[in-house]
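Hi,

Here is the structure I said I would pass on. Have a look at it first, and my notes are underneath.

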Amino acid sequence: LVDWEDPGSWDQAAAIAAVVADMKSGKPMDRLVCGDVGFGKTEVALRAAFAAVMDGKQVAVLAPTTLLAEQHFNTFSDRFAHVANEWPVKIVELSRFRSAREQTAALQQLAEGKVDIAIGTHRLLQKDVRFARLGLVVIDEEHRFGVRQKEALKALRASVDVLTLTATPIPRTLGLSLEGLREFSVIATAPQKRLAIKTFVVPHSDGIVREAVLREFKRGGQVYFLHNEVDTIGTVCERLAKLLPEARIVVGHGQLPERELERVMKEFTQQRHNLLLCTTIIETGIDNPHANTILINRADKFGLAQLHQLRGRVG
């Protein structure tokens with residue numbers, strides 16, 4: 001349903017309508033949906049996945065990180081649970097958060113056609129992954145995947161529909177869209193309650209760090225502190241603990257064991273901690289409404305696309 005008083009929903013509704021029309025057209029869809037972080041691209045993917053499943057097809061959702069794959073799995077599971085009685089949909093996740101036994105069972109069900117939606121990381125691209133009737137491939141944050149990886153997915157089936165979601169399209173993708181070689185939808189307007197993100201570029205100062213963090217704590221919020229070196233993240237944690245005795249600090253990065261990383265992110269989402277000291281593992285798709293301040297240490301070491309994605313974690 002469209003809220004016609006919300007301009008943001010016009011773009012989203014148009015994107016959903018265009019995707020469904022492409023899927024009905026009889027030729028393989030190749031559409032790019034471009035929208036800023038938090039503007040509702042996942043909703044477009046949910047509607048497309050539902051349409052594909054109702055047509056008897058399987059859906060593959062490809063995410064660049066385990067955390068984003070886990071978040072998509074939870075989002076899809078919650079949304080499809082509401083219609084489970086009328087339209088039961090079987091969803092599995094393939095990532096390092098799942099045990100070998102769980103992955104083996106999921107792969108067998110996928111090959112037998114008993115799974116409707118498979119959500120995963122690069123694991124979905126490995127040779128042992130076989131689909132019975134793949135109909136739709138959703139690629140989230142496509143700038144994190146190489147051309148070879150995306151072509152490998154497309155080669156699975158000559159008739160597969162491809163839906164690409166991104167906030168920061170790579171030049172090749174944008175070029176193909178602007179030249180008319182692939183379809184292009186833009187979600188340009190923010191949802192009603194999403195605020196503009198204020199960005200400050202300042203020299204490092206303990207005083208500024210303490211002021212920014214305490215200001216967020218006073219309104220009951222949480223803070224991301226991004227330090228992108230695993231070797232020295234322990235030292236930074238000690239410095240922050242001395243500077244901010246009020247903070248309940250937890251550390252998360254990609255070299256943690258799977259279960260430990262999963263526990264850290266769940267506890268942070270549940271607000272057991274109020275400061276997450278992390279690497280760029282939070283760059284794509286992590287959505288926590290309580291975290292509204294992010295401090296990026298050595299921002300000069302990042303690219304513009306990375307900084308744009310990281311800013312989108314708050315607001």
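Below is what I found, going element by element.

One thing before you load it: this is a predicted model.

**Strand 2**

I'd start with strand 2, residues 58-62. Five of its five residues are buried, so the strand is largely enclosed by the rest of the structure. The burial holds for both faces: Gln58, Ala60 and Leu62 cover one side, while Val59 and Val61 sit on the other. As for its partners, strand 2 runs parallel to strand 5 (residues 134-140), with five bridges between them. In that pairing, Val61 stands opposite Val138. Strand 2 also runs parallel to strand 4 (residues 117-120), this time with four bridges, and there Ala60 is opposite Ala118.

**Helix 4**

What packs against that region? The buried residues of helix 4 do: they pack against strand 2, strand 3 (91-94) and strand 4. Helix 4 covers residues 100-112, which is 13 residues, and reaches 18 Å from its first C-alpha to its last, close to the 18 Å expected at 1.5 Å a residue. Its buried residues are Gln103, Ala106, Leu107 and Leu110. Looking down the helix axis, these fall within an arc of 100°, so they line one face of helix 4. That spacing fits the usual geometry: an α-helix has 3.6 residues a turn, so residues three or four places apart point the same way. On the face turned away from the buried side you'll find the exposed residues Arg101 and Thr104. Right after the helix comes Gly113, with a positive phi near 80°.

**The four-stranded sheet**

Further along the chain there is an open sheet of four strands, in the order 9-10-8-11 and with parallel pairing. Strand 9 (249-252) and strand 11 are the edge strands, each pairing on one side only. Neighbouring strands here are turned by 20° against each other on average, ignoring direction. Strand 9 and strand 10 are joined by four bridges, and one residue pair to look at is Val251 with its bridge partner Leu277 in strand 10.

Two helices are worth viewing together with this sheet. Helix 9 (residues 258-269) packs on the sheet and touches strand 8, strand 9, strand 10 and strand 11, with its direction at about 140° to that of strand 9. Helix 7 (residues 206-218) lies across strand 8 (222-226), strand 10 and strand 11, and runs at about 170° to strand 11.

**Thr280**

Next, a loop residue. Thr280 is in the loop between strand 10 (275-278) and strand 11 (291-296). Is Thr280 buried or exposed? Its relative accessible area is 16%, and because the cut-off for buried is under 20%, Thr280 counts as buried. Leaving aside residues up to four places away in sequence, Thr280 touches Leu226, Asn228, Phe302 and Gln306.

**Cysteines**

How many disulfides are there? The count comes to zero. Cys237 is in no disulfide, and the nearest cysteine sulfur, that of Cys278, is 12 Å away. Cys278 is likewise in no disulfide, with the sulfur of Cys237 as its nearest at 12 Å. As for their surroundings, Cys278 is buried at a relative accessible area of 1%, whereas Cys237 counts as partly exposed at 21% relative accessibility.

That's everything from my side. Shout if something doesn't line up on your screen.

Cheers

Definitions and conventions
Residues are numbered from 1 along each chain as its sequence is written. This is a predicted model: local features need pLDDT of at least 70, side-chain atom pairs count only at pLDDT 80 or more; totals for chains, interfaces and linings use all residues. Side-chain values use heavy atoms; hydrogens and water are left out. Buried means under 20% relative accessible area, exposed over 50%, partly exposed in between (1.4 Å probe, protein chains only). Contact means heavy atoms within 4.5 Å. Two strands pair if DSSP finds at least two bridges between them. A disulfide is a pair of cysteine sulfur atoms within 2.5 Å. The expected span of a helix is 1.5 Å times one less than its number of residues. The arc is that of the directions from the helix axis to the C-beta atoms. Axes are lines fitted to C-alpha atoms, for helices over the stretch in contact, and angles run from 0 to 180 degrees between N-to-C directions.
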